[in-house]
Amino acid sequence: MKITSFEIYEYALPLKKPLYVRGAKMDTSRQGLLIHLKSETIEGIGESAPLPGLNTETLEDAKKELQSLKAAFLNQYLPEHLEKLNGKFAAWLGEIKLKPSVQFGFETAVLNLIANSRHIPLHRLLTHSYHEHIRVHGLLHGSKTEVVNQARELTTQGFHELKLKVGENLKEDIEMVSALSALVQ
């Protein structure tokens, strides 16, 4: 299968309120890049979205690296059995060492392309042991009062798992966890 089209799209999703990741604050939006590959009429999509404070690469770094990948891999054939994830990707890339968010996005786009060419979902391409349904976690963040209110709302909506971002202030984090424990018991 040959990569006949390699497009990169930038996006910015607005945030309702700031989100903190390892001390880094995202104020207005979550930004990233979509990688859209085609082989004839088959498509594969991946995403590269470096997180400030977590990834060392910036969005601009990821964009430049993806543009280099486009120049190198457009009109190239995919080696067989890349989906086995047994080192074939690394061998195909050769000397190219990708930043983590770029590697994830490019591999995901290629694997989606392969899965779509076989008319199967990505999870069936990667493993024979999979779940048909995946539970989604509700993300909690904000003050103790906001977190408790969000938890109440999410549990009434049917969420069974909640994820709490902590690490800003130990005392406040302990208070939030205690308030949530009291709520869910």
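1. Start just past helix 1, at Asn75: this residue follows the helix and has a positive phi, near 70°. Keep in mind that you are looking at a predicted model. There is a similar spot after helix 5, where Gly158 follows the helix with a positive phi, near 105°.

2. Now helix 1 itself, residues 59-73. With 15 residues at 1.5 Å a residue, helix 1 should span 21 Å, and its end C-alpha atoms are indeed 21 Å apart, so the two values agree. Its buried residues are Leu59, Ala62, Glu65, Leu66, Leu69 and Phe73. They take up an arc of only 125° around the axis, which means they sit on the same side of helix 1. If that spacing along the chain looks odd to you, remember that an α-helix has 3.6 residues a turn, so residues three or four places apart point the same way.

3. What covers the buried residues of helix 1? The cover includes three strands, namely strand 1 (5-14), strand 4 (29-39) and strand 5 (42-48), along with helix 2 (88-93) and helix 3 (100-117). It's worth switching these elements on and off in your viewer.

4. On to the charged pairs. How many salt bridges does a search of the whole structure find? The search turns up three. One of them joins Glu10 and Lys63, with the closest N and O atoms 2.7 Å apart. Glu10 belongs to strand 1 and Lys63 to helix 1, so this pair ties together parts that are 53 residues apart in sequence. Both partners count as partly exposed: Glu10 has 46% relative accessibility, and Lys63 has 24%.

5. Helix 1 also takes part in another bridge, through Glu65. Its side chain meets that of Lys99 at 3.9 Å, N to O. This links distant parts of the chain, since Glu65 is in helix 1 while Lys99 is in the loop between helix 2 and helix 3, 34 residues apart. Is Glu65 buried or exposed? Glu65 is buried, at a relative accessible area of 15%, whereas Lys99 is partly exposed at 31%.

6. The remaining bridge runs between the side chains of Glu83 and Arg118, at 3.2 Å, N to O. Here both ends are in loops: Glu83 lies between helix 1 and helix 2, and Arg118 between helix 3 and helix 4 (122-126), so the pair ties together parts that are 35 residues apart in sequence. Glu83 counts as buried at 8% relative accessibility, and Arg118 as partly exposed at 41%.

7. Have a look at Glu107 too, which lies in helix 3. Glu107 is buried but has no salt bridge, and the nearest side chain of opposite charge, that of Lys97, is 11 Å away. What the Glu107 side chain does have is a polar contact of 2.9 Å with the side chain of Gln103.

8. Next, helix 5. Its 13 residues reach 18 Å from first C-alpha to last, close to the 18 Å expected at 1.5 Å a residue. The buried residues here are Val147, Val148, Gln150, Ala151 and Leu154. They cover an arc of only 160° around the axis, which places them on the same side of helix 5. Thr145 and Thr156, on the other side, are exposed. Among the elements covering the buried residues of helix 5 are strand 6, strand 7 and helix 6.

9. That brings us to helix 6, residues 170-184. Its 15 residues should span 21 Å at 1.5 Å each, and the end C-alpha atoms are 21 Å apart, which agrees. Its buried residues are Asp173, Met176 and Leu180. Their arc around the axis is only 65°, so they are on the same side of helix 6. The face turned away from that buried side carries the exposed residues Lys171, Ile174 and Ala182.

10. Two last details on helix 6. Strand 6 (138-140), helix 5 (144-156) and strand 7 (162-164) are among the elements that cover its buried residues. At the start of the helix, a side-chain oxygen of Asn169 comes to within 3.1 Å of the backbone nitrogen of Lys171.

Terms used. Residues are numbered from 1 along each chain as its sequence is written. This is a predicted model: local features need pLDDT of at least 70, side-chain atom pairs count only at pLDDT 80 or more; totals for chains, interfaces and linings use all residues. Side-chain values use heavy atoms; hydrogens and water are left out. Helices (H or I, at least four residues) and strands (E, at least two) are DSSP runs, numbered from the N terminus. The expected span of a helix is 1.5 Å times one less than its number of residues. Buried means under 20% relative accessible area, exposed over 50%, partly exposed in between (1.4 Å probe, protein chains only). The arc is that of the directions from the helix axis to the C-beta atoms. Contact means heavy atoms within 4.5 Å. Lys and Arg count as positive and Asp and Glu as negative; His and the chain ends are not counted. A salt bridge is a side-chain nitrogen of Lys or Arg within 4 Å of a carboxyl oxygen of Asp or Glu. A polar contact is a pair of N or O atoms within 3.5 Å; within protein, one must be able to donate a hydrogen and the other to accept it, and residues adjacent in sequence count only if both atoms are side-chain atoms.
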